[in-house]
Amino acid sequence: MIFADTRISTEKNGISYYLKDGMEKLRQFGNKVVFCGGDLNIANLVFNFIDDQCSIEDIQEVAIDCFGTSKRELAVYVMQQANNKYHMYQMASQDGFKIDHSVIEDYDVGVSGANCDEALEYFGNRMGQMSPLDAIKQSYQHVADNKVGGELIIYTLSGGDISKEIFDIEDNKPLRHWKDHHSVSHIDMSGQAIFKKVKITDGNNTMLMDSTIRKFYMNNWDIEGVGSLDAQFIQAGTLTAEDGFINNLTVNALKTLDQSDAIGDSVDYVYAKEKYIKLVTGTITNREQAQDGNGNLLYWTDGNKTMLTTQSTSYPFYDLTYDPVDKFKLYLQGQGVDSFPVMELGRGDGVTATSARAFIQKPADGLGISYHRSNTGAIREVELTDIGITIKAHDNGSITIEGKNVSVVAHDKISLSAPNGYDFS
């Protein structure tokens with residue numbers, strides 16, 4: 001069994017202070033259990049850079065690299081079961097991370113860290129009176145203070161398997177809290193960095209991030225492997241999945257616009273939302289300077305209008321209001337498996353809802369192509385179904401078939417009906 005608590009403490013002028021609970025100093029990687037003690041920042045780096053495939057030598061190399069030239073303390077312990085024996089490997093900064101290997105025999109007990117001498121004596125006095133598990137739990141409970149506490153994590157290696165148990169450690173003594181610990185940088189218990197003010201630059205002193213103004217300068221970064229992106233506003237020159245830039249883009253609505261922003265300008269754009277796509281011409285009727293999510297006014301960086309900034313320039317970026325005219329629609333009519341595609345073409349003349357517009361529909365059992373006459377909306381259509389083809393011109397519309405050679409062939413019969421007679425020439 002190998003076990004550790006989750007409390008993190010600090011020390012100043014010889015007095016220990018409680019910081020936080022929740023740091024798993026003991027973690028499983030494949031068939032190994034690894035314990036890291038000492039400086040919290042370096043310990044978390046070690047955990048971040050080892051994986052299930054790491055050998056003991058790999059872990060030693062990671063520890064050396066993470067420790068670097070630091071003057072702080074780091075100790076790494078690895079427990080592994082192999083060849084029906086239990087092996088402990090120790091490596092520490094004090095002796096240059098030399099690997100110290102030992103085989104654990106029956107009744108061997110090893111201790112390290114805060115209050116370990118008192119805990120070992122308490123544990124030894126209870127062995128034989130209770131199970132080892134209960135003795136371990138009571139020992140941690142007995143020495144709990146500013147440095148020891150939180151949760152007790154126990155890994156048990158047995159027969160090639162590794163199991164994990166977690167128990168609460170109750171605080172029976174008042175804790176001395178480090179009240180000013182948020183004023184300095186530290187690593188919290190989940191291994192995430194928490195800083196109050198940070199500026200990050202690269203080797204050429206190019207600004208990459210400034211936390212004081214809540215900005216990432218993403219034009220100076222390349223981001224790979226984004227699993228999920230949630231954004232209020234995305235400005236991009238190119239969005240393409242075919243070339244591998246974007247694997248999966250999910251949006252509620254998508255609109256493409258050019259750089260026109262003067263009232264009265266007409267703009268052609270594509271608009272996609274829910275289950276339809278539209279080609280639209282919009283006339284700009286109003287504009288207000290746009291703001292980011294923090295209320296900062298947005299500007300184009302220059303006259304090319306390709307990048308945005310919150311720094312004041314001569315090129316404001318506007319939130320535009322349009323009077324839109326739909327010239328093309330592609331959408332699904334119906335729901336689920338029964339839905340089918342429909343195209344609507346043309347802006348129409350406004351006399352009726354359909355006049356001067358055309359439609360193409362593809363239901364499951366046919367294809368319909370229709371045009372609706374200007375002013376009245378009377379239908380001229382070609383309908384293809386499983387039964388055959390129908391050509392109609394409603395409201396006295398004319399049908400003309402013209403060609404150099406026209407052949408009409410019927411395998412059964414030809415029927416003609418003309419109330420006002422026939423004219424063959």
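This dialogue walks through some sheets, a helix and the nonpolar cores of a predicted model.

Biologist: How should I begin reading a sheet, and in what order do the strands of the open sheet with β1 stand?

Modeller: Strands of a sheet pair through backbone hydrogen bonds, either parallel or antiparallel. In this model, 3 strands make up an open sheet with the order β1-β9-β10, and their pairing is antiparallel. The strands at the edges, each pairing on one side only, are β1 (2–5) and β10 (161–169), and neighbouring strands of this sheet are turned by 15° against each other on average, direction ignored. Between β9 (residues 150–158) and β10 there are 9 bridges, and Leu-152 stands opposite Phe-167 in β10.

Biologist: Which helix lies across β1, β9 and β10, and which of its residues are buried?

Modeller: That is helix α4 (residues 132–143), which runs at about 40° to β10. The buried residues of α4 are Ala-135, Ile-136, Ser-139, Tyr-140 and Val-143. These residues are on the same side of α4, because they cover an arc of only 130° around the axis. Their cover includes β1, β9 and β10, together with α3 (116–126).

Biologist: What should I look for in a nonpolar core, and which residues of the largest one touch the most other members?

Modeller: In soluble globular proteins, nonpolar side chains tend to be buried together. Here the largest nonpolar core has 27 residues, and Val-34, Ile-50, Leu-74 and Val-76 touch the most other members. At least two residues of this core come from each of β3 (15–21), β5 (32–38), α1 (40–49), α2 (56–67), β6 (74–82) and β7 (85–92), with α2 giving the largest share, 6 residues. Another core, of 13 residues, lies apart from it and has Leu-26, Phe-35, Ile-153 and Tyr-155 among its members. If you select Val-34 and set aside residues up to four places away in sequence, the residues it touches include Phe-47, Ile-50, Ile-59 and Val-76.

Biologist: Further along the chain, how many bridges join β21 to β22, and which residue in their hairpin takes a positive phi?

Modeller: There are 6 bridges between β21 and strand β22 (residues 340–345), which run antiparallel, and one bridge partner in β22 is Val-342, which belongs to Tyr-331. The hairpin has 6 residues between the strands, and Gly-334 takes the positive phi, near 95°. Strand β21 (residues 318–333) also pairs with strand β18 (residues 276–289), in the antiparallel sense and over 13 bridges, where Ile-277 stands opposite Leu-330 in β21.

Note on methods
Residues numbered from 1 in each chain as written. Predicted model: local features only at pLDDT ≥ 70, side-chain atom pairs only at ≥ 80, totals over all residues. Heavy atoms only, no water. Pairing = 2+ DSSP bridges. Helix = DSSP H or I, 4+ residues; strand = E, 2+ residues; numbered from the N terminus. Axes fitted to C-alpha atoms, helices over the stretch in contact; angles between N-to-C directions. Contact = heavy atoms within 4.5 Å. Core = buried A, V, L, I, M, F, W, Y, C linked by side-chain atoms within 4.5 Å. Buried < 20%, exposed > 50% of the residue type's maximum accessible area, 1.4 Å probe, protein only. Arc of directions from axis to C-beta.
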